[in-house]
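Trainee: I have the file open and have not looked at this one before. Can you walk me through it?
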Amino acid sequence: MPAVLTMQPQKQYLFKHKGFYFPPEVITAEYIDSLEDFEIRDSDVFIATYFKSGTVWTQNILSLIYHEGHRNGTENTDLMDRIPWLEYNFRNRDYNSDPSPRLFATHLPYYLVPKGLRSRRAKVIYVSRNPKDVLVSYYHFTSLSSIIETAEDFGDFMEKFLAGEVLASSWIDHVEGWFSHKDDFNILFLTYEEMKKDLRSSVLKICNFLGKRLTEEELQDVVDKATFNKMKMDPRANYENLSSDLIQKGKGHFLRKGTVGDWKNTMTVAQSERFDSVLKERMQKLPIKYCWDINEDLPS
Ligand code: A3P
């Protein structure tokens, strides 16, 4: 008997809502809309980022600052539970019954966050990273994540990234949007590269912004436990415990290389030039300059 070919429906990885791409498996348009009226408390703290810009790192820093039990190892709670995602409510939690201060992470663009946040209630820490390292990190992440379409070819993925046809849409729109609306928020801007080059100063900046006073010993402990190597060994902090609905086990690690300038190992000179030609004009207008190599000084 001839084999009957059955066509599997193609899995949908992206849906656009209000100009931004989301993963349909884990979020709905109704939920995104409901966030507009999500009740913000003055004591809330949000980490806002584009994909692959140092979110988990900053989540860990915040958790170490706020949770003594995390710092001294007496509590064994995953980062996802300490600092949940606002828009990806993976644990189906009622955030309204969480005690203060609540800590959240979000990849939302500035215009989709709760309106309470846009009227300077609560605090936002926005971390951005040089976009070539973001692209390369994102490319590798597509093999690890179960909710993102695996990118077969780097060059094709780069074109989609530049066109904003990926989850979280356009990198430059995201960064530009948050910077140009900074006055609507009570916001601290940090870069991945400054965290990498001087973690202690970055942790101090965060503490000052949050009005948190740590002893010298506590501060040193936060810095020590937020280094790449320590986080890589800490199952509470390295996202290795994520469920297989989200992560394809054995396909890599959330904490991959953790450095500045790794893009040079993946992008060809021609790809790098093409990338520059698309983003250069808008990047020149950003009020921030990025560091592109671990051996370069931070731009002033
Ligand atoms: P690489 O893929 O370049 O290694 P996000 O949390 O926003 O998804 O970002 C993930 C990126 O941050 C990954 O980059 C990951 O390795 C890096 N990262 C996480 N923790 C880090 C740390 N303690 N120090 C340096 N980089 C870190």
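Mentor: A definition to begin with: Ala, Val, Leu, Ile, Met, Phe, Trp, Tyr, Cys and Pro count as nonpolar, Asp, Glu, Lys and Arg as charged, and the others, Gly among them, as polar. This is a predicted model, where local features need pLDDT of at least 70 and side-chain atom pairs count only at pLDDT 80 or more, while totals for chains, interfaces and linings use all residues. Residues are numbered from 1 along each chain as its sequence is written, and side-chain values use heavy atoms, with hydrogens and water left out.

Trainee: How do the residues of the shell around the ligand divide by those classes?
Mentor: Eight are nonpolar, six polar and four charged.

Trainee: And which residues are the closest to the ligand?
Mentor: Thr55, Ser137, Tyr192, Lys257 and Gly258 are the closest of the 18 that surround the ligand. A residue counts as near if one of its heavy atoms lies within 4 Å.

Trainee: What does the side chain of tyrosine 192 do there?
Mentor: One of its polar atoms lies 2.6 Å from a nitrogen atom of the ligand. A polar contact is a pair of N or O atoms within 3.5 Å. Glycine 258 has a polar backbone atom 2.7 Å from a ligand oxygen, and for the side chain of lysine 52 an N or O atom is 3.0 Å from an oxygen of the ligand.

Trainee: How much of the ligand does the protein bury?
Mentor: The protein buries 97% of the 570 Å² that the ligand exposes when taken alone; these areas come from the Shrake-Rupley method with a 1.4 Å probe.

Trainee: Which element gives the largest share of the shell?
Mentor: Helix H2 does, with three residues. H2 (55–66) and H12 (228–233) are the elements that give two or more. Helices here are DSSP runs of H or I with at least four residues, and strands are runs of E with at least two, numbered from the N terminus.

Trainee: Different topic: where is the cis peptide bond?
Mentor: It joins serine 100 and proline 101, with omega about -5°. Proline 101 is in the loop between helix H4 (79–82) and strand S4 (103–106).

Trainee: What about the phi of alanine 122?
Mentor: Its phi is positive, about 70°, although alanine 122 is not a glycine. The loop between helix H5 (115–118) and strand S5 (123–128) holds alanine 122.

Conventions: A polar contact is a pair of N or O atoms within 3.5 Å; within protein, one must be able to donate a hydrogen and the other to accept it, and residues adjacent in sequence count only if both atoms are side-chain atoms.
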